[in-house]
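Hello,

Here is the structure I promised to pass on. Please open it first, then read my notes below.

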Amino acid sequence: MKIRIPATSANLGPGFDSCGIALSLYLFIEVLEPSDQWEIIHDLGNDIPSDATNLMITTALALAPDLAPHKIKMESDVPLARGLGSSSSVIVAGIELANRLGNLNLSQKEKIEIATKIEGHPDNVAPAICGDFVVACYFSEKKTDKVSYVKHYFPECDIIAFIPNTELLTTESREVLPQSFTYSQAVEASAIANVMIAAVINGNLPLAGKMMEEDRWHERYRQKFIPHLASIRQLGKDEGAYGCFLSGAGPTVLILSPEDKTTRLMKTLQALDKNATIERLSIDREGVQAF
Ligand code: HSE
């Protein structure tokens, strides 16, 4: 059995902890033969456990404690700690592994609720499970662990990822966020998000991109971690991009680009930082797949 999980980008600017898209970079899992103990075969570095302490296995065993151990091959082109949902992809892999090996018959909603409880917010795990563009909310305060979500088609465009050669942990990037907003600040920030979502649904990328750049919830507080954000934004405007936003907690920045502008934009972006990886991505429409 093989499982494929897409990378994701959370927030899209003002959709903080709520909106996300699935991207054409993947974590691949292949379940090999049964074994005495769990063994994960990978070359993702020494920080990723190769035994039952791997996040994929702890997630799977929390759902199905009696799962028989297997050898599992893990390959990934989702860069770690870059704001592209690498940990969410592993959590979703663990849920799907338990679902298939343990015959749990989980619904999509159940998978999202389990994954959100582990991750704390649904904006990466929901698109990793559903694919495409997902808007979700998590009622954690009521302790019900319920998630409401909507999947919708994201308009066709190129997505350029500017991936700095530095890691940024989500915990560190969340620590700089304010503890509170005034009522009027919250109303403004949520109105911007509402228009962004409506514009995406209408296929109006110029307006969606404009709203993505008007985020009030998080990007301004995180800017110090991403010194190139302002220059990327300016470059995008100069070169005709729809808009750009910090991918999740950063440090990756995504730029939505009309196809005919992409090649030139990618060249100019590379000149900003020769150590950064610049990739041309598209939307993954399917989410997690097992075959
Ligand atoms: N919404 C989250 C954040 C995504 O921006 O902190 C990263 O987990």
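**What surrounds the ligand**

The shell of residues around the ligand splits into 3 nonpolar, 5 polar and 4 charged. Keep in mind that this is a predicted model.

Which residues are they? Early in the chain come Ala-10, Asn-11, Phe-16 and Asp-17. His-121, Asp-123 and Asn-124 also belong to the shell. So do Thr-170, Arg-174, Arg-222, Gly-248 and Ala-249.

Three side chains deserve a look on screen. Start with Asn-11: one of its polar side-chain atoms is 2.8 Å from an oxygen atom of the ligand. Then find Arg-222. A polar side-chain atom of Arg-222 is also 2.8 Å from a ligand oxygen atom. Asp-17 faces another element: a polar atom of its side chain lies 2.5 Å from a nitrogen atom of the ligand.

How much of the ligand does the protein bury? On its own, the ligand exposes 260 Å². The protein buries 96% of that. The ligand sits in the largest pocket.

**The two domains**

Now step back to the whole protein. It is divided into domain 1 (2-153 + 286-290) and domain 2 (158-281). Note that domain 1 is given as two stretches of the chain. The centres of the two domains, taken over C-alpha atoms, are 24 Å apart. Domain 1 puts 26 residues into the contact, and domain 2 puts in 35 residues.

Where do the ligand's neighbours come from? Both domains take part: each of domain 1 and domain 2 supplies at least three residues of the shell.

Best wishes

Methods
Residues numbered from 1 in each chain as written. Predicted model: local features only at pLDDT ≥ 70, side-chain atom pairs only at ≥ 80, totals over all residues. Heavy atoms only, no water. Near = heavy atom within 4 Å. Polar contact = N/O pair within 3.5 Å; in protein donor to acceptor, adjacent residues only side chain to side chain. Areas by Shrake-Rupley, 256 points an atom, 1.4 Å probe, with all protein chains shown as cover. 1 Å grid on protein atoms, 1.4 Å probe; cavity = no way out; pocket = protein on both sides within 12 Å on 5 of 7 lines; lining within 4 Å. Sits in = over half its atoms within 2 Å of the grid points. Nonpolar A, V, L, I, M, F, W, Y, C, P; charged D, E, K, R; others polar. Domains from an automatic or database assignment. Contact = heavy atoms within 4.5 Å.
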